[in-house]
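Welcome, and please open the structure in your viewer. We will go from stop to stop, and at each one you will hear what to select and what is there.

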Amino acid sequence: MAAASSDDTKNSSSNLPLKPIPGSYGLPFFGAMHDRHDYFYNQGRDKFFATRVEKYNSTVIRTNMPPGPGISSDSKVIALLDSASFPILFDNSKVEKRDVLDGTFMPSTGFTGGYRACAFQDTTEPSHKLLKTFFMQVLSSKHNTFLPLLRTTLSDHFSDLDSQLAGKSGKASFNTSISAATFNFLFLLLTDKHPSETVIGDKGPGLVTAWLGAQLAPLATLGLPKIFNYAEDFLIRTIPFPAWTVKWSYKKLCEGFASAGASLLDEAERVGIKGDEAEHNLVFMLGFNAFGGLTNQFPILIKWIGLAGPELHAKLAEEIRTVVRESNGEVSLSALDKMTLTKSVVYEVLRIEPAVPYQYAKAREDVVVESHDAAFEIKKGEMIFGYQPFATKDPKVFENPEEFVGHRFVGEGEKLLKYVYWSNGRETEEPTVDNKQCPAKNLVVLMCRLYVVEFFLRYDTFTFEFKPVVLGPNVTIESLTKATTTV
């Protein structure tokens, strides 16, 4: 285990040399366009940052970030590319998170019924505290239904995979199956009704995907052949997609949620939130935050476990089945807590490939941020950008950082959890109404752990293939080997 040289910007030593932030924004317009093309087409995401770290011999640099001219009025950012500097993004006394969820641009509020969703609000805004308090109360009230509901939903998901494998193609689309399961689970969890009982029917994943796609298109590339690069860049990054292009999809989601979640909206009004505002915020939480994140996270989870191979599969199966057997066949919270390897594997997935790789904030005041080697002054109002995969694969913190190590966080390795940042905060910290950490942080980890448990209660191992797509991997299951031992 490598030793970390710095904890965070508040507690790190003050004897590091103060240096100017290296890097370049280039000429107006042309510099941003050059960086945009490097980022999407010439170099790709990781190489874009790696080459600049090498060029400037610094993990804190100036650069431009997409989408750039046409969508963003200002592309300039200060990029934090190590574990030491990154946590300033969590210090809400020093940084502001107003309208920076998607980076250097903000989609029209027409996508969210004219409201700025809670995720776009800064912690100093009164409505942020009111809305996040409500979200956390809603999640807390579902504590007793969470496990049984997810187990039932996953059972349907695994039956679907088995059915697809038994079909003509002999393969199963993991992403399609888990997307349907995820949407059904989230909708049921929040409203106590299945989406099929509403106007949404079985169209939920498609409706959300269309709505998300129109908002996030400027941050993506379809991976088309090079001859189409400039055409793609012009089409999706010249002007923002207007909200009316997905008005029908969003209207269906809102109608379905309003009819199924009437009691939830009534509760929101009782705590001082307008019903209409609560509806649009809850749909955003369900569709953007929860569904958007989890439908990326589950394929990432199965990808890395699959790449680890049968040896890890056997160890997971043995741990999971032993604990469940000793728990009289019950999959409970206490049983899950005893599965140390399973917990570690989930944290390792969250470390090596966080589903949301970016964090943005603006400096509230002049601040000093420290990398492992130097200190840098950031002026009030400057945009700060953190590329999380470089922070959570920092070689000065993690040994063999590019390698998937399933047992990394077992035993003494748990001390490294404070350097896992996927939730917009340290894994060792908890979401509160006064920070921007994901309110469902613990539920997401629990869902991933339960998925692994339910999987290896049914199967010994599996084979798969994947290919990168716009967000995360597209996974195809090629075989599932039924469990040879039972609990």
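## First stop: a hairpin

Select Val368 and you will find its bridge partner in E8, Glu377. Now widen the selection to strand E7 (residues 367–370) and strand E8 (residues 375–378), which pair in the antiparallel sense over four bridges. Strands count as paired if DSSP finds at least two bridges between them. The link from E7 to E8 is a hairpin through four residues.

A word on what you are viewing: this is a predicted model, in which local features need pLDDT of at least 70 and side-chain atom pairs count only at pLDDT 80 or more, while totals for chains, interfaces and linings use all residues. Residues are numbered from 1 along each chain as its sequence is written, and side-chain values use heavy atoms, with hydrogens and water left out. Helices (H or I, at least four residues) and strands (E, at least two) are DSSP runs, numbered from the N terminus.

## Second stop: an open sheet

Which strands form the open sheet? Select E5, E11 and E10: the three strands lie in the order E5-E11-E10, with antiparallel pairing. Strand E5 (172–173) and strand E10 (459–468) are the edges, each pairing on one side only. Two bridges join E5 to strand E11 (residues 473–482), and within E11 it is Ile477 that partners Ala172.

Next, add helix H4 (residues 143–165), which packs on the sheet and touches E5, E10 and E11; here contact means heavy atoms within 4.5 Å. The direction of H4 makes about 85° with that of E11. Angles run from 0 to 180 degrees between N-to-C directions, and axes are lines fitted to C-alpha atoms, for helices over the stretch in contact. Then select helix H10 (residues 275–308), lying across E10 and E11 and running at about 115° to E10.

## Third stop: the helices around H8

Keep H10 and add helix H8 (residues 247–260): the two pack at an angle of about 110°, with their axes 10 Å apart. H8 and H10 are therefore roughly perpendicular to each other (65 to 115 degrees; under 35 is roughly parallel, over 145 roughly antiparallel, and the rest oblique). To see the contact, show side chains including Tyr250, Leu253 and Phe257 of H8 and His280, Leu282 and Leu286 of H10. The residues of this contact divide into eight nonpolar, one polar and one charged. In this count, Ala, Val, Leu, Ile, Met, Phe, Trp, Tyr, Cys and Pro are nonpolar, Asp, Glu, Lys and Arg charged, and the others, Gly among them, polar.

Now bring in helix H9 (residues 262–270), whose axis comes within 5 Å of that of H8 and crosses at roughly 80°. That makes H8 roughly perpendicular to H9. Phe257, Ala258, Ser259 and Ala260 of H8 meet Ala262, Leu264 and Leu265 of H9.

## Fourth stop: two cysteines

How many disulfides does a search of the whole structure find? Zero, a disulfide being a pair of cysteine sulfur atoms within 2.5 Å. For Cys254, the nearest cysteine sulfur is that of Cys118, 17 Å away. For Cys448, the nearest is that of Cys438, 11 Å away.

Are these two cysteines buried or exposed? Cys254 is buried, with a relative accessible area of 7%, and Cys448 is also buried, at 1%. Buried means under 20% relative accessible area, exposed over 50%, and partly exposed in between (1.4 Å probe, protein chains only).

## Last stop: Ile236

Finally, select Ile236 in helix H7 (residues 229–237). Ile236 is buried, with a relative accessible area of 15%. Leaving aside neighbours within four places in sequence, Ile236 is in contact with Ile71, Ala217, Pro218, Ala220 and Phe241.
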